Each structure stands twice: as structure tokens, then as C-alpha cells.
Amino acid sequence: MQVIYRKSMSYLTSREEELKNKVAQDYFAAFDCTQIIGNVDFCVTSQAPQPPKGGVFDAFTPPLGGRGATPPLGAGGLWAEAKKGVSDVYKSVVQLILTIGKARTFDKVLPPPFLGAFDAEKIAFLPYNAIQEVFYQNDFNWNVAPSNHETKEFKQVYDKVKTTIENETLLFYYQKDDLELREFIKTNFVVGNVATSKIRIDKNNFITIYTKWLAAVKPTIVLNWEVAKKNNIIDGDFYLADLLSQENESLKDNLYVLLKKDYYELDKILDEMGMFQTKKTFFNDKQKAHTQFWNKYERPPKEQYWDYIVERRDLLVPQDVRERKGSFFTPVIWADLSKQYLAQVLGEDWQDEYYIWDCAAGTGNLLVGLTNKRRIFASTLDRQDVDVMKDRIQNGANLMEDNVFQFDFLNDDFKKLPAKLQEIVNSPEKRKKLLIYINPPYAEATDGIGQGGKKIDVSKETKIYEKYGSILKKAKNELFAQFLVRIYKELDGAVIGQFSTLKILQSANFISFRQFFLAKLQKMFIVPADTFDNVAGQFPIGFMIWQTQQKELFTNITTAIYDKNNKFIGNKTLIAYSEKEYINKWIQQYTNLENNWIGFLAYLGNDFQNNNQVRVSSFKPTSHLSTIGLNKHNILVACIYFAVRHCIKCTWLNDRDQFTYPHDTWQIDKEFQHDCLTFTLFHGQNKITTKNGINHWLPFTEDEVNARQEFESNLIVRFLQGKITSENSNALFEKDRKNTVAAPLQFSPESTAVFEAGKKVWQYYHANINKLPLQNITKELMNASFYDIKVYFQGRNPAGKMNNKSADEKYNELIGNLREALQVLGEKIAEKVYEHGFLKK
């Protein structure tokens, strides 16, 4: 024990490189800890054998600068982040994830079974497969410094994996867990066997190997992939044919694509004579790349992984196809919770009393856990998914093979349904005991990507769109709305249990839909969307139970809220509004047709998710945004709109909350009005710039900021001084500085603090440009807006996006102080947002 104590004490006084050497020597002496893989701090690999002639270990060659060879995944290994002293190992794991994701190390070197982190006190191990999906997020900016724990991206990854890290990480303290730690390493870090030359494939790495297969094998398969995709053939089915094979013969006959030695067989059908007809496709290189690739891997995987890999076929479906077909895997926790809610509404014996039809079943995971298989029907657009479900039946899934079928719910006639289901569908009485239980696709028009990167109108390709488009109006662009309208019109009387976004309840685009869809919403719950596969957005997804027998216009409901751990965290009231009740109806009455504009307010939608589109700019956007030209008549009300939309942070829970037409009380609340003006002048979404003409938005005089020359405009200053009002309209663009008897605007202490912090930023900027020769001080530099000042100090990255920070630490301090003051002001405004009715609680 004394030895262990002395060792742990020596760790505490070690520098980082010294600590890594000591941990390697004390715990991983039997392994190779010398490899440098990407930017990973510390790598542990098994004692790999010398590569035999023929290069079967080529797959393990690390990037340039690395040493040795990376071992087979099955031979054990660790990538870890190291920190001297005592640290938060969970944050260190997140830093490691960002390091790996930024360099995409997993694309170059096969990941190990474990990620980890250690410091002078402890070491943590996390199974790689527990967090591997975080590397496949959509629209995530990996180009940040992993060591900066304050970035939005760091916090986003931390929030996403925090629970996984807490639940899955094995944490050992050197002093008290020494024996357990050594046993763990002994058991899990098995030294490589010289006789083993191929990489084993399991649920941890089959996605990583698939991405390598795409680059190495797919190009050699003779197939027009664009045409194939339109015929529901995806590359993932060819990969599964390869993966689940032995000696180049697929082992599962019910796969959509089969590998037959040196060709693929697909689209097997039974002709009129009872003979099977198939299509074949070959390799364009005599199978050379295919052979070289699979020489590195052991096929098939252990049989215990087969069901998991086939069931997670959805992970191999291209993103545009997933959106169109709804190939998203409903998390088990929400599938189970939805069944509990159905029992509460329909009664404990609901599975024996109701027929259940999942008409967007995918591979059928929503139906897992149901007990009465003779009353369950599952249909899906893809024949491949039908094959997967029938294969699952052979392996114990509680479904009837005759009740699983291919059916395009948005295009096919009900005459194609199995006879038993037709009987139910055609009977008004039996429909009352029919539950449509679905997690339909969420794609909308222009969600899909066509050739050349052009948008395609995914939802406009259906017969339901053509048939009911006039009823749905704007909602017709949503595939899940098309599912609901067909159910409502053609399966009247049925119960609906469906997952979807909350647009159906709150969106202005769904007003016509709600007026048509008269059904009673009996019960619901909402959960974070990013708990669903490949959904990166921060917004709620709800499970709703509708009774179509009861005709009722939806107005409001109190819904339960669950966090990503399935913990109940409270209730929330969701309200449906009429067209006249939204905030954009309020602001539109202040549209100004005069041409003496000083800028434009751009906006979109009425909810939090569109707040990033709300901005003030020097020019009128040519995009799909709505705009209002600004002058003295409406600048104050525009600033109120701007501040109301931006003062409250957007979260997954409020993302679809709607801003509404306010009470009249705001009109007499001068402090609120002036707070909103201050907030707008110094907010990051104020995009006014001298690049597009005269900057009329300078909030300070030349003397206040020690400007070297006269400003081109003092409009905002005179507005703040009360010298511009609706009564002296000719004064708006006057350059002369005649004194007018007026009362300056009064500002709250919070607004005053923002002005003081902002003034210091302007003063520091002018102190910098005043050092330039007079001939180098352009009009743009002298009259710089808040946005221009930020660009001056922070610069732009190669893509043209403004950097988050500056190399000038003094500026960073000043802008940080301004942002803190603005946040305090925003919190004050937020209270008034509810008081004046811009948001409803």
C-alpha cells in the first residue's frame, strides 16, 4: 500500500509528459505505448506481430509521422487524453472526442475498443461504440480548438455525451482501485496473437469499416447508383451482403442483395411459372479491390452480432433517403414510454382489444415489446426492410410473417393491403378498434438533395400531396402531415399514436390543417429530438394520441416533458394560435413605404427556431426573408421586435414556442422600449456595416470615443437625445447639428451599463486606428459600425466567417464585458416579454 501511495503522490507532482511515461510504465508495460496516432495524447496498442508478406496490416498504418503499426481492433487498445494534476476527466474525454473528430482520425486508423482520459489521480475508460455516433452528426463544426472548453461546440458535444460518459465510463483511482485497475487491463487488453492477421468486425466498428468499404469497394461495383437509389437499392445492402458472408457467399438468404462468389444477386422475384428471376451485377476490376479489402477483415462477424447489424441497417441508409422514407430508428426508451401512454389512454388490455398497424415501420423497432402478434400489422416502403423484419421473425421477433408487407402509404391503394387488414379498414365499426401507431418521416418539400446539390421537392412526389394538397395548404409540404391527412380522411374512427415535431399543434403553416383535422388530442409527451438517430437539432419531438371519433378543434394541451434520460422534468402548455395572433402580424402593421431608410429588419417565422434569421442589416436581403425598411417612424418598434426575439436563449424545449401579438401595455412602458433599443444597438445580430453605405447606427459622438475625424451620420445620437421625433420628420438626415428643445431618452441602469461597456469598445477601436497615418483612415474605418469593429479585431477564417475571438486580449476583455452587460439587460427584457404578451406561459 505504501508503494501505491508513493506512486500516486509522485503522479501529483509530475508534468504531463512525465505522467504519461509513468502511467505507461506502471500499468501498460506489456503493451506498446510509443505510437503517435493523429493528435491523440496517449495510445496503447497490443504487441503487434511483424506484418506478413502481402501487407495484411496495411489498414493499420498510422498517418505520416506515426511509429509502428496500429493493432487489430480485436487485440485491445486505448486512445486517451492526459492531464497533469487533478482534472475533470469527463471534460477530458470530450476534448479527446473533438480532437479525434477534428482530424477524423477514425477515417485513417481503425478506432480502439476504448477511449479514455487520465490525470494524476485517476483513469477512465469509455467503450468507443458508446459514443461513435457523435462523429456522424450533421452540420457540426469540428473546426474548433479541442482544448477550449468554452466553445459552443465543446458544450454541445459535452451535453450530447455527458449522460453516456456518466453511465458507461469505468473510472479507477490509482490509490484505492489499483488491483481492480490491473485486473481490468489484464482482462480487456489482450496481447495480440501472431496467428491472428485479420480484423474482427463487431457492433463497435461495422460502421467505421463501412465507410472504408465505400471508398475501396463501392466504386468497383458495376451499377448506376443514382438510378439504383431511385429503385430503393442502397450501397449498404451490398456491404451487408459482403459482411454477412463466408468465402464470398452470403449466409443469410433473405438479404436484399446476396454475394455469390464473384457477383452480386439482387431483386429476386417469383415469376408466373414459379421460377425465381434475379438481377446480377459484377465488378469492373475482376474483384481485385474487393479481395484486397476483405483480406484484412474476418468475415462473418460472430453470430451474436448479426441481428444487431441487420437491425441497424438504418445507419447505412444515405441521409437524403432516410429523410424521404423515414428510416430513423425510434429510441427504445421512447418506444417503451409511448406504449405506457397508450395503456393509460386505451386501457391495460389495449393490445388485445385493438388492431395495431405501423404503416411506416422501417425495420419494425417501434413494435418491439408488443405481445399479441396476430393483431399487429407492419408495412414499409422498402422491400429490404420487409426482408429484415421477416428475418427478425425467424430469430424470435413477435410478428406474423403474413402481417408484414411492402406498402407505400402515400401512394398505394388500400386494395393492396392483406385481406385481414382490408376487412378492418373497410369496416367503420372495426376501424374504431384500429390503432395507427407510427413514427413517420419528417421530410418536407426541398429537404431532399438532387443531382448537382440542387434541392428536390421530396413531399411533392406523392399521390396524397396531389389528392389533399388543397386541404393541407402549406402543411402539404410535410410528409408526416400527409400520413395524418390520409388516416383522418380514409381511416376515420381510428386511433392515432404518432411521433412528430410540434408543427401540427403550433405552427402558423398548420392553421388550415388544424381547422380540417378535427380530432381529440387525448394525451402526449415531448422529448429532445437529438435523442433520435441522426437528428442534430435542438427541438422537441412529441408522441401524441389522437381519437378521430371525437371531432374537436385543437386549442391547447398540457404535455409531460422528459429529458434525454427518460426523467420526467415537468409539464408545458402548448397553444394553437389563429393567424392574427402571431407576432409577425403585429410587426407587419409598421411596414414603412418611404424610401429614407437607415436599414432593414429581416425576419422569418414566429418561433424560436427562426430567431437566427432575425437581424438588422444595411441592405434588403434578396432571400426568402421578410423585411421592413426602417426610419424614425418605426425604428423603436423594430428594436422591440428584435429584442423580444433575441433576449431569451433558444433551447430544445422552447424551440417551437410561438411569439405572439402583444397587449397594448408595451406602448406606455418607455423603459422597456429604450431597453430594447439599447439591446439592438449592441447585439451580434445587428449586421449594419459601412460596406453597404453610410452607417446611421453610431451610438456615440466623436468626442465620446476620441474619433480623429467627423462621423458621416449622427442620427442615432440625436435620436437618443430626443431630437428626432415624428414631429420633425425633415430632421432625419440633416447633417447640421441645430439644437432642438427635446428631452433625452431615459435609460435603466442595465441599459446604461451596456452603453458604458460599448463605449469602451469604441474607444479602444479608435485608439487603434488613430495610430494609422491620416491618409490610411478611410471613411469605412472612421465610421465603423459595431459589426465592422468586431471584424476589425476578430478577422475572418478562410471561408469568410467571422472568427469567434481576437488575438488582441484587451479587445477580448472589453467585448466580453459588453456581452455580460448585454446578457443582464436581456434577462430584464425577458421578464417584460411575458408581461406584455409577446410570449404566453
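Here are some worked exercises on this structure, which is a predicted model.

**Exercise 1: the five-stranded sheet**

Work out in which order the five strands of the open sheet stand, and which strands are at the edges.

Solution. Start with the order: the strands of this open sheet run S1-S2-S3-S4-S5, with mixed pairing. Next, look for strands that pair on one side only: these are S1 (42-45) and S5 (170-173), the edge strands. Now zoom in on one pair. S3 (residues 114-118) and S4 (residues 122-127) are antiparallel and share five bridges. Within that pair, glycine 116 sits opposite phenylalanine 125 of S4. As for twist, neighbouring strands of the five-stranded sheet are turned by 20° against each other on average, direction ignored. Finally, add the helix: H3 (residues 89-103) lies across S2 (77-82), S3, S4 and S5, and runs at about 130° to S3.

**Exercise 2: the three-stranded sheet**

Find out which strands of the sheet S25-S24-S26 lack a neighbour on one side, and why.

Solution. The three strands form an open, antiparallel sheet in the order S25-S24-S26. S25 (615-617) and S26 (626-630) are at its edges with a single partner strand each, so one side of each has no neighbour in the sheet. From one strand to the next, the twist averages 25°. Then check a pairing: S24 (residues 599-603) and S25 run antiparallel and are joined by three bridges. There, phenylalanine 600 has serine 617 in S25 as its bridge partner. Helix H24 (residues 635-646) packs on this sheet and touches S24, S25 and S26. The direction of H24 makes about 35° with that of S24.

**Exercise 3: checking a helix**

Take helix H16 (residues 383-394) and test whether its length agrees with what you'd expect.

Solution. H16 has twelve residues, and at 1.5 Å a residue they should span 16 Å. The C-alpha atoms at its ends are 17 Å apart, which agrees.

Is H16 largely enclosed or left open? Count the buried residues: nine of the twelve qualify, so the rest of the structure largely encloses the helix. Among them are Val386, Val388, Met389 and Ile393, but also Asp385, Asp387 and Arg392. The cover over these buried residues includes helices H10 (235-243) and H12 (306-311), plus strands S14 (376-380) and S15 (404-406). After H16 comes glycine 396, with a positive phi near 110°.

**Exercise 4: an aromatic pair**

Classify the pair made by phenylalanine 238 and tyrosine 264, and say what it ties together.

Solution. Their ring centres are 4.9 Å apart and the planes make 80°. Planes over 60 degrees apart count as edge-to-face, and that is how this pair is classed. Phenylalanine 238 belongs to H10 and tyrosine 264 to strand S10 (residues 263-270), so the pair ties together parts 26 residues apart in sequence. Phenylalanine 238 counts as buried because its relative accessibility is 0%. Tyrosine 264 is buried too, at 0%.

**Exercise 5: the nonpolar cores**

Say which helix gives the most residues to the largest nonpolar core.

Solution. This core has 68 residues, and those touching the most other members are Trp586, Leu601, Phe682, Trp697, Ile829 and Phe838. Helix H31 (residues 809-835) is the answer, giving ten residues. Pick out isoleucine 829: leaving aside residues up to four places away in sequence, its contacts include Ala643, Phe672 and Phe679. A second, separate core has 51 residues, including Val425, Phe516, Met524 and Met544.

Note on methods. Residues numbered from 1 in each chain as written. Predicted model: local features only at pLDDT ≥ 70, side-chain atom pairs only at ≥ 80, totals over all residues. Heavy atoms only, no water. Pairing = 2+ DSSP bridges. Helix = DSSP H or I, 4+ residues; strand = E, 2+ residues; numbered from the N terminus. Axes fitted to C-alpha atoms, helices over the stretch in contact; angles between N-to-C directions. Contact = heavy atoms within 4.5 Å. Expected span 1.5 Å × (residues − 1). Buried < 20%, exposed > 50% of the residue type's maximum accessible area, 1.4 Å probe, protein only. Core = buried A, V, L, I, M, F, W, Y, C linked by side-chain atoms within 4.5 Å. Phe/Tyr/Trp six-rings, centres within 6.5 Å; stacked < 30°, edge-to-face > 60°.
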